[in-house]
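I am opening a notebook page on this protein and will write down what I look up, step by step. I begin with the whole chain and then turn to smaller parts.

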Amino acid sequence: MNYVFIPGAWHGGWSWTPVAHRVRAAGHCAYTLTMPGLTLGDSPRDLRLADATDHLIHEIESRDLTDVVLVGHSWAGFPITAAAPRLTARLREIVFFSAFVPLRGQSMLAAFGPEAEAFYLSVIEADPDHGIGLDYETFRGTLMPDGPDEAARIVFEQLIPQPGGYMSEALDVDGVATLGVPVRYLLAENDTGLAAPGPELAARAGVEPIMVPGGHEALLTHPDEIAKALLG
C-alpha cells in the first residue's frame, strides 16, 4: 500500500516522518507531503485552500499512486476532504488522525467561533505575508502539553506560519462518508487542540473514533502506537 501523510497547520511533512519510518519498515511505501507555503522561505501571501488541495492531488497523480491510504492530521482534514472526491479511484482508505472533519461552508477559523474568527482574520490582514503564527505558550499548552519542554521547544522551532487562506476559506464539497471509500478516525485520547469534540468529528465522517494514546502531537510523541493503529 501507499501511505500518503498530510501534516496539520504550521507543520511540514517532517511531522509524519517518525510514523512513516515505521510504516515503511512494515513493508509499505510512505510519502510525507509539505503543503505550499510551509517550507522556510515560501511566501504564504496569495495561497488559497485550493492550492493545498491541488498540490496533494498533483503529488499522488504525478507518482501514479494507487492503493493509497490518505492520512491527514489536524487541519489536514480540509485538503484530504477536498481531494478525496477527485482521487476516489486511487484510494484504498481515508484516515483522519485527530483531524478536523469540515462542514460544507465552514472554514477552520469559523469552527473556533465568531470571536476567534474575527480576531484571526485581523491577524491575517495585518501580517505582510497574510499568515498566522503560533506562540510557544499556545503550542505548549494546547498542542503539545505532554513530554519534556526540551522536546517541545525542538518541535516548536520547526513550525512555519500557516497561510491565512488555508484557514479562512471553506469547502464547497460533500464529506467523505458518501464516497464509498473506507474511512477511519484515530483520536488521541488526551487531545485538547481540536475545534470540536473528537467523537463529533468522527461522526461527521460516518465512523466511531479509534482511541490512541497521547495528545494532539501524538504522531511525534507516540509514533509506535500511531503506526500500529494505522497498520492495524
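Entry 1, the whole chain. I looked up the radius of gyration and found 16 Å for the protein chain, which agrees with the value near 17 Å that a compact globule of 232 residues would have. I kept in mind that this is a predicted model. Taken along the principal axes, the box that the C-alpha atoms fill is roughly 45 × 40 × 35 Å. I then noted 11 helices and 8 strands in the protein chain.

Entry 2, inside and outside. I looked up burial and read that 51% of the 232 residues count as buried. For the surface, I wrote down about 10000 Å² exposed by the protein chain, with carbon and sulfur atoms supplying 51% of that area. Among contacts between residues at least 6 apart in sequence, 72% join residues that are at least 24 apart. I also looked up charges: the protein chain has 14 positive and 30 negative side chains, and 7 Å lies between the centres of the two sets.

Entry 3, helix H1. Which residues of H1, which covers residues 17-25, are buried? I found Val-19, Ala-20 and Val-23. Looking down the axis of H1, I saw that these buried residues fall within an arc of 100 degrees, so they line one face of the helix. This reminded me of a general rule, that an α-helix has 3.6 residues a turn, so residues three or four places apart point the same way. On the face of H1 turned away from its buried side I found the exposed residues His-21 and Ala-25.

I next asked what the buried residues of H1 pack against. The partners are two strands, E1 (2-6) and E2 (29-32), together with two helices, H10 (218-221) and H11 (223-231). Just after H1, I noted that Gly-27 takes a positive phi of about 100 degrees.

Entry 4, Ala-84. I looked up where this residue sits and found Ala-84 in helix H3, which runs over residues 77-87. Is Ala-84 buried or exposed? Its relative accessible area is 0%, and since buried means under 20%, Ala-84 is buried. Leaving aside neighbours within four places in sequence, I listed Leu-91, Ile-94, Val-176 and Leu-179 as the residues in contact with Ala-84. Finally, I looked up a separation across the chain: Ala-84 and Glu-217 are 133 residues apart along the chain, and their C-alpha atoms are separated by 24 Å.

Definitions and conventions: Residues numbered from 1 in each chain as written. Predicted model: local features only at pLDDT ≥ 70, side-chain atom pairs only at ≥ 80, totals over all residues. Heavy atoms only, no water. Buried < 20%, exposed > 50% of the residue type's maximum accessible area, 1.4 Å probe, protein only. Arc of directions from axis to C-beta. Contact = heavy atoms within 4.5 Å. Rg over C-alpha atoms; globule rule 2.2 N^0.38 Å. Areas by Shrake-Rupley, 256 points an atom, 1.4 Å probe, with all protein chains shown as cover. Lys, Arg positive; Asp, Glu negative; His and termini not counted. Charge placed at Lys NZ, Arg CZ, Asp CG, Glu CD.
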